[in-house]
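Dear colleague,

I am handing over the structure that we spoke about, with the sequence and the coordinates placed just below. Please look through it before reading the notes, which are meant to be checked against it.

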Amino acid sequence: MITVKRAFVVLVMAGLATDPSVPVRGAARMPKTQPGFYRMMLGDFEVTALNDGVVAYSIRRLLPTATADQIKSGLLENGLTDPVGLSYNAFLINTGSKLVLIDTGTGGKLDDVPEFHGAGHLMTNLRAAGYRPEDIDEIYITHQGQDHIGGLTIGKERAFPNAVIRVPESEKNMLIFLDPAKTAAFLAQAHNHADANAWLQFTRDLFQPYISAGKFQTFDEDVTLTPGIRALGTHGHTLGHTSYVVESQGQTLIVMGDLVLMGALQFSDPSLGSAFDRDPKAAAQQRLRVFKMAVDTHSWVAGGHLSFPGIGQVRFEENRYWWSPVSYTIP
Ligand SMILES: [Zn+2]
């Protein structure tokens, strides 16, 4: 005959009752983090996409001229709902002799701004990818977006103490603070003085530590910056927006910065400008130019805001462009 105590033990073993005298396992811990790096080889080069965060954005806010039909078909085609998660990506290129970081994420700065809230994971993901900030030799900037330059510093210190920042001459207008006359003119024409001053302070805090350390350089358009990486002026999103073409052993990757902000709609219609394009017409021309170049040369493409890892290929079929994200592979 089964005793009451024996019956209880059976229930405990079956997971149907709790015996307070028996230590129980705690609730399953949920780390609630996501690996934020993706690696692929490009010839002899190692390319690592680094995620800085993902923030929900309404399509209408990003692409104000998109029609209701375009939004509907873009969402359907990509299995998305509005608002769409906008990824913040940077790309680390290891050429074998140099470690080059293209863009730096938000640095967790401006976390009170909804567009950047929750971003700032680049450093964590850089370390998770097996590198330290002090390993970075050079930093190339696609443009002056806060989400691309914000990670240059931690507090007042250089986040990448051994790196030289190289900025396209055409985008040097982000360094207004260096020139008192330009600063005065900038403030004189600013609609909002507080915002203008905040921008000056923001850029000064980011760049001055590198300038003071002698680790700041500019370059002319479309030059080779290091063997296997050259700049490609793609102005429009900002006046000096620059892409980077990475080549090794016949394989090419075009890091196109913010030419595309919303992949779900801007591949099918490259003429759609974003609310953040300084010169929407020029940005659309450059978008089309890079799409065509990528198709013609069978290049990989990497985008600053395409769904992580933001690397893939552009196809031209049925009289329009399509985005094919990279398939998960082990390098
Ligand atoms: Zn951006």
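The notes below cover the conventions, the two sheets, one helix, a proline and the pockets.

This is a predicted model, in which local features need pLDDT of at least 70 and side-chain atom pairs count only at pLDDT 80 or more, while totals for chains, interfaces and linings use all residues. Residues are numbered from 1 along each chain as its sequence is written, and side-chain values use heavy atoms, with hydrogens and water left out.

I begin with the sheets. Helices (H or I, at least four residues) and strands (E, at least two) are DSSP runs numbered from the N terminus, and two strands are said to pair if DSSP finds at least two bridges between them. One open sheet has seven strands in the order β1-β2-β3-β4-β5-β8-β9, with mixed pairing, and its edge strands, β1 (37-42) and β9 (216-219), each pair on one side only. Neighbouring strands of this sheet are turned against each other by 25° on average, direction ignored, where axes are lines fitted to C-alpha atoms (for helices over the stretch in contact) and angles run from 0 to 180 degrees between N-to-C directions. Within this sheet's order, strand β4 (residues 99-102) and strand β5 (residues 138-140) run parallel and are joined by three bridges, with I102 standing opposite Y140 in β5.

Another open sheet of seven strands, again with mixed pairing, follows the order β10-β11-β12-β13-β14-β15-β16. Its edges are formed by β10 (224-226) and β16, and because each has a single partner strand, one side of each is left without a neighbour in the sheet. Here the average turn between neighbouring strands, direction ignored, is 35°. β10 and β11 run antiparallel and are joined by two bridges, with T226 opposite I229 in β11; two residues lie between the strands of this hairpin, in which G228 takes a positive phi near 100°. Strand β11 (residues 229-233) has four of its five residues buried, so it is largely enclosed by the rest of the structure; buried means under 20% relative accessible area, exposed over 50%, and partly exposed in between, with a 1.4 Å probe and protein chains only. On β12 (residues 242-248), the pairing with β11 is antiparallel over five bridges, and G233 stands opposite T242. Strands β13 (residues 251-255) and β14 (residues 300-302) pair in the parallel sense over three bridges, and the bridge partner of L253 in β14 is W300.

Turning to the helices, α3 (residues 68-78) has I71, G74 and L75 as its buried residues. Seen down the axis of α3, these fall within an arc of 95°, so they line one face of the helix; the arc is that of the directions from the helix axis to the C-beta atoms. The face turned away from the buried side of α3 carries the exposed residues D69, K72 and L76. In helix α7 there is a proline, P209, which is buried with a relative accessible area of 19%. The C-alpha atoms of P209 and E157 are separated by 6.7 Å, although these residues are 52 residues apart along the chain.

The pockets may matter most for your reading. A pocket is an open set of points, on a 1 Å grid over the protein atoms alone, where a 1.4 Å probe fits, with protein on both sides within 12 Å along at least five of seven lines, and lining residues have an atom within 4 Å of a point. Grid points are joined across faces, edges and corners, and a volume is the space filled by probe spheres set on the points. The largest pocket holds about 1200 Å³ of space and is lined by 36 residues, of which Q144, G145, Q146, W199 and F276 lie nearest its centre. Its lining divides into 18 nonpolar, 11 polar and seven charged residues, where Ala, Val, Leu, Ile, Met, Phe, Trp, Tyr, Cys and Pro count as nonpolar, Asp, Glu, Lys and Arg as charged, and the others, Gly among them, as polar. The largest share of this lining, five residues, comes from α7.

The second largest pocket holds about 390 Å³, and among its 22 lining residues N78, L80, L306, S307 and W323 are the closest to its centre. Its lining has 15 nonpolar, seven polar and no charged residues, and β3 gives the most to it, with three residues.

With best wishes
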